[in-house]
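Biologist: I should like to learn how such a model is read, feature by feature. May we begin with the backbone and then move to the side chains?

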Amino acid sequence: QVQLVESGGGLVQPGGSLRLSCAASGSIFSTVVMGWYRQAPGKQRELVATITNDNTTNYADSVKGRCTISRDNAKNTVFLQMNSLRPEDTAVYYCNADLWVTISRRVFYWGRGTQVTVSS
């Protein structure tokens, strides 16, 4: 079994910064892609950013230039540094991991989410 535990959410003023972390633990053979998605009230879950195990990154247009995704492969941890936050960034942020749990079994996992609220 694999668990993803997110941390770092909270309340921040517009223009502020937050750093989200997500640690994957359990029976992990190797990671493929880790990433962050978000879901605002009344909206569908959407991609924020992803990073592969060779550090290839992908960002939603809405966060390009404001967010940086990174990972620590040794600790199976992914980070999301968010700067210049806007009220429209308010959402629950979910960590996602695409993992090989054995040499032949590949599974997607989701974390439980961490709330990010941008408000004055």
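Biologist: Where is the place of N76?

Modeller: First, the conventions. This is a predicted model, in which local features need pLDDT of at least 70 and side-chain atom pairs count only at pLDDT 80 or more, while totals for chains, interfaces and linings use all residues. Residues are numbered from 1 along each chain as its sequence is written, and side-chain values use heavy atoms, with hydrogens and water left out. Strands (E, at least two residues) and helices (H or I, at least four residues) are DSSP runs, numbered from the N terminus. In these terms, N76 lies in the loop between β7 and β8.

Biologist: What is the phi of N76?

Modeller: Most residues other than glycine have a negative phi. N76 is not a glycine, yet its phi is positive, about 50°. N76 belongs to the hairpin of β7 and β8, which has four residues between the strands. Another case is N55, whose phi is also positive, near 70°; N55 sits in the loop between β5 (46-52) and β6.

Biologist: Is N55 buried or exposed?

Modeller: The scale is relative accessible area with a 1.4 Å probe and protein chains only: under 20% is buried, over 50% is exposed, and anything in between is partly exposed. N55 counts as partly exposed because its relative accessibility is 48%.

Biologist: How do β7 and β8 pair?

Modeller: Two strands pair if DSSP finds at least two bridges between them. β7 (67-72) and β8 (residues 77-82) are antiparallel, with six bridges. Within this pairing, D72 stands opposite T77 of β8, and R71 has V78 as its bridge partner.

Biologist: What is the order of the strands in the open sheet?

Modeller: The order is β1-β3-β8-β7, four strands in antiparallel pairing. β1 (2-7) and β7 are the edge strands, each pairing on one side only. The twist from one strand to the next averages 15°, where axes are lines fitted to C-alpha atoms (for helices, over the stretch in contact) and angles run from 0 to 180 degrees between N-to-C directions.

Biologist: Which residues form the covered face of β7?

Modeller: C67, I69 and R71 form the covered face, and T68, S70 and D72 the uncovered one.

Biologist: How many disulfides are there?

Modeller: A disulfide is a pair of cysteine sulfur atoms within 2.5 Å, and the count by this rule is one. The bond joins C22 to C95, with 2.0 Å from S to S. The link is left-handed, with -80° about the S-S bond. C22 lies in β3 (residues 18-26) and C95 in β9, so the disulfide ties together parts 73 residues apart in sequence. Both ends are buried: C22 has a relative accessible area of 0%, and so has C95.

Biologist: Why is the sulfur of C67 without a bond to the closest cysteine sulfur?

Modeller: The closest cysteine sulfur, in C95, is too far for a bond, because it is 15 Å from that of C67. C67 itself counts as buried, at 7% relative accessibility.

Biologist: Which residues touch the most other members of the largest nonpolar core?

Modeller: A nonpolar core is a set of buried Ala, Val, Leu, Ile, Met, Phe, Trp, Tyr and Cys residues joined through side-chain atoms within 4.5 Å. Of the 31 residues in the largest one, those that touch the most other members are L4, W36, I69, V78, L80, M82 and Y93. Strand β9 (residues 91-100) gives the most to this core, with five residues. For contacts in general, the cut-off is heavy atoms within 4.5 Å. Beyond four places in sequence, V78 touches ten named neighbours, among them C22, W36, I69 and C95.

Biologist: Which side chain does R66 meet in a polar contact?

Modeller: A polar contact is a pair of N or O atoms within 3.5 Å; within protein, one must be able to donate a hydrogen and the other to accept it, and residues adjacent in sequence count only if both atoms are side-chain atoms. The side chain of R66 meets that of D89 at 2.8 Å. R66 lies in the loop between β6 (57-59) and β7, and is buried, with a relative accessible area of 8%. Leaving aside residues up to four places away in sequence, R66 also touches others, including Q81, M82 and R86.
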